[in-house]
Amino acid sequence: MTKAGERLAIGLALLATLAMVLPFLYMLATALTGEWEAFRYPPALIPARAHLENFPAALTALPFDRFFLNSAILATCVVVGQLFTSATAAYAFARLRFPGRDRLFLCFLSVLLVPALVLLVPRFLIVNALGWVDSYAGLISTELVSVWGIFLLRQFFRTIPRELEDAARLDGAGEWTIFRRVVLPLSKPALATLAVVAFVDQWKSFLWPLVIARSTEMQVVEVGLANLHGLYYANWPYQMAAAVTATVPLLLLYLVAQRYFVRGIEMTGVT
Amino acid sequence: MASVILRNLTKSFDGAARPALRELSLEVRDGEFLVLLGPSGCGKTTALRCIAGLDEATEGEIHIGERDVTRLPPAARDVAMVFQNYALYPHLTVRENIAFALEVRRVPRKEILRRVSEAAQRLGLAELLERRPAQLSGGQRQRVALGRAIVRAPQAFLFDEPLSNLEAPLRSELRSEILKLHRALGATMIYVTHDQVEAMTMGQRIALLYEGRLRQLGTPAEVYARPADVFVARFVGSPGMNVLHGRGRAVEEGGSVVECGSLTVPVPLEHYEGEIELGVRPEHVTLGATEKGVGNAEILIVEPHGAETLVHLDAGGQTLVARLPGLLELRVGDRVGVKLDKRHFHFFDASGARLA
Amino acid sequence: MRTVPRWRAAALLAAAASALLALAVARWAAVRYEAAFARRSAATTAAYLALVTPPAPLGADYSLQQLFIQTRSLDALPGWTPSVEVYHGTAPLLQPGAPPLSRLVLDRLRGQSGASWGRGVALAPLFDRDRWEVVGAVAIRPAGIAPGWLGGWTLPALALFAAAALGALRAVGGEWERVRRALRAYGAAGVLFGAAAYANVQQAARASTDQWLADARLLMQESSARLPQGRPTLADLAPLAGGAQVAPGDSATTRPTRQSVGGVPSAVVEVRLSSRRWVELRTAPAEAGAPPWLALLLALALIGPLAAWVAVWVEREAARPQRLRETAAAWWFLAPATLHLAVFSFAPILLAVYASVHRWSLVEPERPFVGLANFAQLVRDPVVWISLRNTALYTLTVPVTMVVALGAALALGRRSWAARLVRTAVFLPFASSVVAVALVWQWMYHTDFGAINWMLSLAGVGPVDWLGNPNTALIALMIVSLWVQAGYQMTVFLAGLQAIPRDYLDAARVDGAGAWRRFRTITLPLLKPVTLFVFVTGIISSFQVFTYVYVLTGGGPGHATDVVAHQLYQAAWTFLQFGSASALSLLLFVVLFGATWAQLRLLERRVTYD
C-alpha cells in the first residue's frame, strides 16, 4: 500500500472510532450535567461540575435496583437453562445413534424458519393460559432452549475424538458420566461462548419483557429505562445517568469476555 | 484372567456392501498373548471392538471366561483397551486418568490411591502423576494408557495398534515393556497390528485376518513355515513368499514339473496336471550361471541391505525375489540362472488353498 | 428376547385402549352437546312458561291450574321433541305419579343462575313473574339428538380399525415390507376411525344448536299465539333466547341455517310471530367449537398404531440391546429441549394459525370463528400497508451497513494493536444496552440542543427536526441501526476474511493483480457465503425492528416510522386483538419465509459438509 493510502486508512479508522465512541462519551457527559445545564447551546462535552447526584436520583426515580435484580435473574436463569438443554440435546445429536436422528435434528433446525416476532403473540397466549404473565416463570420459560445453542454445541462436540468416549465406556462410564465428566469439561470454550451470547441476548431483550412484565416489580432494566424515558421526558441528565448504568454491566462483560463475544458471532456466520 | 471365545462372529455395518467380519471363530486361551494380524480393512479392529462391546455383533457369540457377553455393554465386560492414539482424557492429570475407571466404579478412595501408585511404579510414571497428557511425550502417553488399563486388573487386555503412532526405537522399547507386563500379570492379551514384525516377535499365537475372515491361526513359526494359503504366504515375512503361477505336468520318469514363465521346476508331486501356485521363500532362491538351475531370469532391481542383498527377478513375466547373503555385485538387466531349494517348496491350488 | 411377546401384548392392549378411549371420548363429547342443548332448552321452556302463564290472583306465583294447562299444551305442541316435566314447587305436573323433586335439588337451583345437568336430565329453575323467587323447575330429557356409541360411520370404521390392528400385530416380526404396509394401513384406519368418531361429535354439536333453535322458535311462535295482539315484544322474547340474539327478521326460512353475520358464522332461524311480524333468532353454532375434539380423537385413535410401531421397532432392535440402550439414553438427553420446543415453538405456530381465524381478545370469553376476516381486515387497513412499506424501506440499511462493515473489515484486518483497538470500538454499540443507545441518539437528535444539529449548524445547515419530521424520522432510525449493526457485521466479515487462504492473494499479487482486482476476483467471490449469511440474517432481524421505534418515535410522526413489529404490538397489547395480531404474525412469516429458508439452507450446508 502506498504512503498516502496508508494515511487515508488511518484517518478513516480514527474517524470511525470517533463516530463509535463519541455517543458513549456524550452519554456519560450528559449524565454528569445539571438538569438545566444540559439545555445549553452550543452543547458542552465537559460539564462545569460533575453532577454525580444525577445517578442516585435517576436510579431511585424508578426502582432500578429491582430492575437490575430482575435482569440478572432473567439472564442467569436463561444462561443456566440454555447451557443445560443445549448441551444435553447437542450430545444426543452429536454422539448417540438412534433412529430418526437426522430427521429430528432438521426438525429442530426448522424452528429457525420462524422469526422470533412471529412467535411473540402465540407464546404470550400460551404463557397467559399457564397463568405466568407478570412472573419470572413467564419471563424465563420461553427462552430456556436455543436452537442456535444446540447447533453450536453439536458442531463442537463432533470435534471431540470418539476414542475418548470409547475409553470412558470401557472404563465403566454410562452416557451421563461420559457427558458430565468427559464431554462437558472438554467443551468449556464452546459453553462459555454460548453462556456469554445468551446472557447478552437476555440483558438486551426488550419486547418479551415488555409484554410479560406488567407490574413495576417485574420489570427489567431495558424496559425500566424506556419507562424512565416516558416519565422524565425532558430530564436528559437523568435519562443518560440511567442509560450509563444500564450499559456498564454489558460493556464490562464485553471487555472481559471479548474473545467469546467474537467467537459467538463468528460461529453464527462462518464455519 | 479369562479366556476369550468368539463363535461365528459376524458384523455388518449399516449401509456397508460387505460384512466387516464373517463367521469368525477363535479361542484365546486364558493368559495367552494373541496377535490379530492383517492389512488395514481386514476386520481386525472391528473384531477387537466387538470383543470390547464398542460395536455390537450382528450375529454370533462372544464369551469371556464363563460368561456370554455378546449382548452386554462395554462396562459390564470387564476388559481394558489401549488405543492407537492413546485416548487419554486431556482435561485430567495422569493420576486422574489412571484413577478414572476406579472412580466411576466407586472403588474406595484408599484403594484407588494404592492401585494407582502401584501401576505408576510398575510403568515408571511416578514422577509424572500430576502432569496433563499434553505435557507428555508420545511414549509416556502410551505408558499412561497402559497404566489406565492395568489398574483395573481386567479379565482381558485389548490393544488396538498401540505402537503405530510411535517412532521406531520407542516402539521396540514399548514392545518389550508390554511383553514384560504380560509375563508379570499372566493376563490374557489380544493385540491388533498390521505390522508383522510386531506380530512375529510378540505373539504366542497369530490370527491372520483378511477380508473379514480368519485365514490362519497358529504360532509365529507355524504361520511362517506352513502358511495356510497364498495370502498368508505373501503377507508374512519381509519380503513375503514368492508365489509363482504355473502349470503342472507329469513327466515320464515319475513326478511332475511346474512350468511358470521361463522356469521349468521339477517338483516332488506325483503326476500333477493343471494349474498350480508354487511358493518359495526368498531365502530359498539362489542365483548361478545361466545354464544352471531351473531356468533363466532377468535382474530387475538390486537392493543392497548390508548383511544381505535382495534381488528382484523377472522370469518370463513371473517376478520373484531372492535373498542372498552379503553384498553382491550384480547388474540390472543381466540374465542369471535361478536355483530353487526344493526342500522348501509350498504348493497351493488355483483357489489359493494349501496343497498337502 | 423373551421381552418381545410382552411388547406385542402391550401393543394389543394399547390398540384396544385406543379404540375404546376414542369411542368413549366421542360419546362423552356428544353427551356434553346433548346436555348443553337440554340445559338451554330447559331454560328457554322455563322462560316461556313464565311469559305465557297468567299469575295467581295473589302474589307473583302462577296459578297452578294455568301452569298445568300450559304444560299440557307444551307437551302436545306439534314438532316438540324432548320429553319435558314441569315441577311446581317439588310436585311434578305432567305425571302426578312420578317422584317429586327433592327439596335439596330445588334449593340448589335457587343458588344458581342457569340450568343444571345430571343423570340425563337438565333442570332449569322456574322463576315467578317478578323473576325473583324460584317457584318450580323445568326438567328436559333430550330425546337422543346425539348419535349413539356406534352411530354414523363409527361401526364400520371401528371394524376396519380392529382388523387393521390385528393385521399389524400379526405382521410384527415378519418381512419388513409387509410390516410396513400393515403399519401404514393401521395408521390410515386410525385416522379414518378418529374422523368417523369426530363426525358423530360434530353431528351432535350441530344437532344441539339446530334442535334448540327449532324448539325456541316453536315456543316463541306459541307465545305469540297465546298472548294478546302486539305482544310479545322483542324484550319479552329475550329471556327465551337465552344468550342468543333476537333481531327483526324478514325472510321465511323456518329451518335453522348457517349464515355469516358481520363476518361471524352464526346459526339462524326465522320466527313467525304473526302474519307480518318475523324475528330472527341467531346464536353461535356449537359445531364451530368442535374442531379441538378432532385433534383429541385423532390423537387417541393413533395411540394404537403408535404402540404397534414401537412394538415393531423393539422387536427389530431386541437383537441389538446396545442400540436400544443408546436410543433410550438419547431420548432422555433430548427430552428437555424437545418438550420445550413442542410447547414454546411448535404449539405457538399452530396456535397462531388457530387464533388468526378467530376473534380472540383476552377480555371477552367468546372466541368466535371468523374465517379469514382478520386477514381481510389487515389487507384493507392502510396503516398495515404503511408499516410494511416502512419496514421494507428500513431493511435498506442492511446493504448500506454491509458496505460500511466490509470496508471496515478490509481496513482493520491487520494484526496491529491500533487495528484491534478500533475493532473493539466499532463493536461497542452492539455490545451495549439497546434502550440506552436509543436514548442517547434521541438526545443527540434533539432539535434545539442536540449534538447533531449543533454540528450541522457549524456547517451552516439549519436545525433539522430529525424525529419530528415525517421525511427524516425513518432515516434517523436507519442511521442508528447502521451505527449499531456495523460492528456486528464487521466482526462476521473479519472472520470470513481470515478464513480465506493467503496463498490465493499472494498468487494473484505475483500475477500482478492490483488491490482492487484482487478484491474483485478473489476476496469477494470467496466471501460470498459469508456475505449471503450477513445479508439474510440482516434482513430477518431488521424486519423485526421494534425497540428503536418504540423508544424513539412510537411509530410517529403520523405512522412515518410505523413498522410491522410495532403494528403487531399495538394490535395485541393496545387493542387486545390477538386474532388480528396472529394474522399479522402469519403475514410476517410468509413475507420473511424466503429469507428464513435461505438462512436454514446456509446452516444445513454446514451440517452436511462436516
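Visitor: Why is Arg331(B) called exposed?

Guide: In this predicted model, Arg331(B) has a relative accessible area of 60%. Exposed means over 50%, so Arg331(B) qualifies.

Visitor: What makes Asp334(B) partly exposed?

Guide: Its relative accessible area is 30%. Partly exposed runs between 20% and 50%, so Asp334(B) belongs there.

Visitor: How do you know that Arg331(B) and Asp334(B) meet in a salt bridge?

Guide: The N to O distance is 4.0 Å. The rule asks for a side-chain nitrogen of Arg within 4 Å of a carboxyl oxygen of Asp. The pair therefore counts as a salt bridge.

Visitor: What makes Arg115(B) and Glu111(B) a salt bridge?

Guide: Their closest N and O atoms are 3.3 Å apart. The cut-off is 4 Å, so the pair counts. Both sit in helix H3 of chain B, 4 residues apart, which means a separation of about one helical turn. Glu111(B) is partly exposed, at 27% relative accessible area.

Visitor: Where do Arg282(C) and Glu280(C) lie, buried or exposed?

Guide: Both are buried. They form a salt bridge, with the closest N and O atoms 2.7 Å apart.

Visitor: Why are H12(A) and H14(C) called roughly parallel?

Guide: The two helices pack at an angle of about 25 degrees. Angles under 35 degrees count as roughly parallel, so the label follows. Their axes are 8 Å apart.

Visitor: Which residue classes make up that contact of H12(A) with H14(C)?

Guide: It has 6 nonpolar, 2 polar and 1 charged residues. Among them are Leu225(A) and His229(A) of H12(A), and Leu439(C) of H14(C).

How values were computed:
Residues are numbered from 1 along each chain as its sequence is written. Chains are lettered from A and ligands numbered from 1 in the order in which they are written. This is a predicted model: local features need pLDDT of at least 70, side-chain atom pairs count only at pLDDT 80 or more; totals for chains, interfaces and linings use all residues. Side-chain values use heavy atoms; hydrogens and water are left out. Axes are lines fitted to C-alpha atoms, for helices over the stretch in contact, and angles run from 0 to 180 degrees between N-to-C directions. Angles under 35 degrees count as roughly parallel, over 145 as roughly antiparallel, 65 to 115 as roughly perpendicular and the rest as oblique. Contact means heavy atoms within 4.5 Å. Ala, Val, Leu, Ile, Met, Phe, Trp, Tyr, Cys and Pro count as nonpolar, Asp, Glu, Lys and Arg as charged, and the others, Gly among them, as polar. Buried means under 20% relative accessible area, exposed over 50%, partly exposed in between (1.4 Å probe, protein chains only).
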